[in-house]
Amino acid sequence: MTPDLEACLRDLQKHVKGDVRFDEGTRSLYTVDASNYRYIPLGCVMPRSKDDIQMVVAICKKHGMPILSRGGGTSLAGQCTNAAIIMDMTRYFQGVVSIDPERRLARVLPGTVLDHLRQTTQEKYGLTFAPDPATHNHCTLGGMLGNNSCGIHSLMRGDRGRTADSTHELEILTYDGLRMRVGATTDNELESIIRSDGPRGMIYRRLKDLRDRYAPLIRERYPRIPRRVSGFNLDELLPEKGFHVARALVGTEGTCVTTLEATLELVPHPREKVLAVLGFESVYVAADAVPAVLAAQPMALEGIDSKLFEYSSRSHEHKKGLRLFPEGTGWLITEFGGDTVEEAMAAAHRLDAILPQLPGKARCAFIQNKDDQKAIWEIRESGLGTTAFSDSLGETWPGWEDSAVHPDKFGRYLREFRTLLDRHHYDGSLYGHFGQGCLHVRINFDLRTGFGREKYKAFLADAADLVVGFGGSLSGEHGDGQSRGELLTKMYGPELVQAFKEFKSIWDPEGHMNPGRVVNAPPPDQNLKIGSDYKPRKVKTWFAYEKDHGSFAHATVRCVGVGECRRESGGTMCPSYRVTHEEKHSTRGRAHLLHEMMDGSLIKDGFRSEAVKSALDLCLACKGCKSDCPVQVDMATYKAEFLAHYHQHVRRPRQAYSMGLIHWWARLASTMPGLVNTLTHTPGLSRLLKTAGGMAPEREFPRFASTTFREWFDARQKPKAEGRPRVLLFPDTFNNHFHPYVGRAATEVLENAGFEVLIPSRVFCCGRPLYDYGMLDEAKKLLLHTMEGLEPYVKENLPIVGLEPSCIAVFRDELKNLFPKSERARLLSQSFHTFGDFISKKAPRYQVPQLQQKALVHGHCHHKAVMGFDGDKKLLEKTGLDFQILDSGCCGMAGSFGFEPGDKYRVSIAAGEKVLLPEVRKASPQTVIIADGFSCKEQIRQTTPRQALHIAEVLHMALHKNKGLDMKAERPEDFYYRNFKTLPARSRRALYVTAGLALIVGLGSYHYIKQRRSGRYARQVI
């Protein structure tokens, strides 16, 4: 650091109450946003209050440091990354200050997430904030003010749907330390302010002078369209606009002032909504129909093309919504609202009179069900991520992703834009806010080569000429940043661009507020995160990363920065972020750290990086990101890969051997389960064993069963097969040694469904716990052993039913990733089914036994992410249960994660307390709790008065008329424990010491042997 920066850091640490972080790990988190650009920040401050922000700005002013205020970090034009001191407003500086329902106003702090405001106002007051970008569940209002965001429901304010149009007043802070409120200004107020002494009067004098000099050009050259976001809002200073200084500052991208508080205007929020989806012969015909459809006054009018439809169909998360679309290759999604369903339907049926007038043969589907509506909106809102990577297009990038024209010209514009793409040999999916003439598209630019970057710049120049020729705007939502700053002269002319520079200078004369954005922007091909300077490390990996061309470096840039992992509810990812609210504990933050590690210019120690290790430590490896992330960032796999390399240099923790090798310990314990249970549940000795094994003292050891499932299966009297179809039931470690009643129940239900049940002749294991510690060498050996042992069954085309979702996920996911070219692995992967999926698909005529009860269902993370939950849902529907599938995210236990001490235990409990555990406690004793995962059931058992059942046990209960298997089976350890208590104290202490020493010696010996052998399997950085 320079001396000035070191002095600035010392002052910040001394005077700021919030977090001050200048370490390489924190800086790595903020090098990129959702754009094409990368800048290394000077440091990061997370202020706690307005006074904190004022202190930060004063200290930066003293030392001449540039500042960037940052919200959710999802900007697409480069506004949220800079070589500056980052003020992250999201950590502490958030909240709704007050609501004035009579005046329809809300006062908010800039770090407030948009959905937090909407949830606060909608339910209680029937009001909402109209602009709502697709990132509404995690973007901040400060970021929306910075970018002048719009969104799907901007139509609720007609042609005034930008954030600027809904801004009533701002409290701002200048770089020079002036703190004031700004808003609309009457002529008398303006004259009074101008006559006053001090910096405020001087600013207003200069603003009025600027307005007066440039008013004719502003009126002449500003496009009169709903979505003009490019440039500064100088038109808001015109007399006819009320000299609205707050609205003039919206969209300045942090280049002029820091926002301390915003007063925003609200609109009525209809309680009921109906969707009408219109299908057309092409996206161009759909765009032609926009003016006519607008006459029906929808609340939202969005469009998508066949490419987005096709890409969405590859995700099982979107298949439900896609089935609801009418026939066509271009669609309009319209939404209508009312206080009642009848009112909303009546509004939607205004389309009936319009449909015959629409071009082509439009088909219409009305969607009233709320879940179906949600499924359709998820397809549209995931457009950015869905189109980021595809087999046909490869990588796609922003850069020209949100141009806008008048809706009346939109169809012609789309056709000419497609011609322009073809001329430059580019492609992309066309979708967006059709009702306001705003196009979204990610284009397959080549940003990695010099020729590709020159071609990119040439396209931007032609695209700018095209949209300006239509009287449109370079940006209709995302702002200019660095992507379009250089092109503003084409849209406004050099005189108005000079006016923009003067406007910035009035507020920020030294040019230290987010420099180089909008005005004086660098060329769009500089500082690219994968530009000419990007030369990532080459590394030999354990996993194949076939979707990333075998490159771990490419996998780390898969994250497009959209920030879905920062949402507070819904889906699974990212449980650790939902607890800590730290960027480094989000999937995006971890991906950015890994990207910086592979780049090597900021994080220089590669796979030995403690900054990366620290961020990955609290990753629960839930795989939620594999399905919830729109670009399928698979952080669980990246974590296992990193740890495999990291532990070539750093000794593994003891829990890697106590919990990672549970398949080995469980087999040993099954020879004397009573004694083991006594030792692990005896006070004092239990605590010693937990300490030795690296287990949280708050946790309880799971009890080993007195009889394993395999023992029960081999000893039982088997029914006659009589030519029944055969199925192989896979006894995983957990359901064999801890919960054998699950296997027993599954066996009886499968036989009742008409199958002959087999189990493998030998013991096999998927090695799931090994991945959590990067023990990939051992995992590959186990899988090789398992593939060899199961090969005869696979050759017979026997379906294999697994009972533990995380175990099945290994065979469906990790197996193919570790053995990508193995036909044996591919066939084995295809053979595995979950219990629910197997019954639903392979026994469709089975008369599922009925159970007239209520049930709460928690889906295992890996189950939802890798296999999907549809099969289990269909099976539960057939049982007659009145069930609710909880949107509970991760249970928090996540295999061995929740058993480990310290932060992992605390995060584990906090994640469970988000939804799952409170819902279980609230459930009546008669409500069945259903959870298939061993870790999920352990979390419920250890933190609530309830015990969860596997879906196989539920069907078994129904089969035997509510009489399930005895979950409190005989406990032979009671015999050992009773006799243990009669021993003299000295003998008991001796037994404690002996057992502890034996465990330590055993673990130490195993660790020594592994360290000696590890050299043969080392994977080195090339």
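In the predicted model, helix α1 passes helix α3 in a right-handed crossing. Helix α1 spans residues 3-15 and helix α3 residues 50-63; their axes come within 10 Å and cross at roughly 160°. Because angles over 145 degrees count as roughly antiparallel, α1 and α3 are assigned to that class. On the side of α1 the contact is formed by Asp4, Ala7, Cys8, Asp11, Leu12 and His15, which meet Asp52, Met55, Val56, Ile59, Lys62 and His63 of α3. By class, the residues of this contact between α1 and α3 comprise six nonpolar, two polar and four charged.

A second helix pair is formed by α23 (residues 610-617) and α25 (residues 635-646), whose axes cross at roughly 135° and come within 11 Å. The orientation of α23 and α25 is therefore oblique, and the crossing of α23 with α25 is left-handed. Glu610, Val612, Lys613, Leu616 and Asp617 are the residues of α23 that meet α25, where the partners are Met635, Lys639, Phe642, Leu643 and Tyr646. Six nonpolar and four charged residues make up the contact of α23 with α25, with no polar residue taking part.

A third pair consists of helix α32 (residues 740-752) and helix α43 (residues 951-959), which pack at an angle of about 60° with their axes 8 Å apart. Helices α32 and α43 are therefore oblique to each other, and they cross in a left-handed sense. Helix α32 contributes Tyr741, Val742, Ala745, Ala746, Glu748, Val749 and Asn752 to the contact, and helix α43 contributes Ala952, Glu953, Leu955, His956 and Leu959. Eight nonpolar, two polar and two charged residues are found in the contact of α32 with α43.

Both α32 and α43 are also among the elements that cover the buried residues of helix α37. Helix α37 (residues 835-842) has six of its eight residues buried and is therefore largely enclosed by the rest of the structure. The buried positions of α37 are Phe835, Gly836, Asp837, Phe838, Ile839 and Ser840. The cover over these residues further includes the strands β20 (726-730), β22 (800-802) and β23 (832-834), together with helix α39 (870-879).

With regard to nonpolar cores, the largest in the model has 233 residues. Within this core, Trp400, Phe417, Phe459, Phe503 and Trp507 touch the most other members. A second, separate core has 40 residues, including Ala745, Phe883, Ile951 and Ala958. Of these, Ala745 also takes part in the contact made by α32 with α43.

Two further buried positions are paired with residues distant in sequence. Arg768, located in helix α33 (residues 768-771), has a relative accessible area of 10% and is therefore classed as buried. The C-alpha atoms of Arg768 and Ala809 are 8.9 Å apart, while 41 residues separate the two in sequence. Apart from residues up to four places away in sequence, Arg768 touches Lys623, Ser806, Ala809, Val810, Glu814 and His862. Gly868 occupies the loop between α38 (861-867) and α39; its relative accessibility is 13%, so Gly868 counts as buried. Gly868 and Ser627 lie 9.1 Å apart, C-alpha to C-alpha, across a sequence separation of 241 residues.

Backbone geometry is notable at several loop positions. The loop between α19 (494-507) and α20 contains Asn527, a residue other than glycine with a positive phi, near 60°. Tyr545 is placed in the loop between α19 and α20 and, although not a glycine, has a positive phi of about 50°. Asn527 is partly exposed, with a relative accessible area of 35%, whereas Tyr545 is buried at 5% relative accessibility. A cis peptide bond joins Met573 to Cys574, with omega about -10°. Cys574 is situated in the loop between α20 (552-556) and α21 (575-580).

Methods. Residues are numbered from 1 along each chain as its sequence is written. This is a predicted model: local features need pLDDT of at least 70, side-chain atom pairs count only at pLDDT 80 or more; totals for chains, interfaces and linings use all residues. Side-chain values use heavy atoms; hydrogens and water are left out. Axes are lines fitted to C-alpha atoms, for helices over the stretch in contact, and angles run from 0 to 180 degrees between N-to-C directions. Helices (H or I, at least four residues) and strands (E, at least two) are DSSP runs, numbered from the N terminus. Angles under 35 degrees count as roughly parallel, over 145 as roughly antiparallel, 65 to 115 as roughly perpendicular and the rest as oblique. A crossing is left-handed if the near helix is turned anticlockwise from the far one by less than a right angle, and right-handed if clockwise. Contact means heavy atoms within 4.5 Å. Ala, Val, Leu, Ile, Met, Phe, Trp, Tyr, Cys and Pro count as nonpolar, Asp, Glu, Lys and Arg as charged, and the others, Gly among them, as polar. Buried means under 20% relative accessible area, exposed over 50%, partly exposed in between (1.4 Å probe, protein chains only). A nonpolar core is a set of buried Ala, Val, Leu, Ile, Met, Phe, Trp, Tyr and Cys residues joined through side-chain atoms within 4.5 Å.
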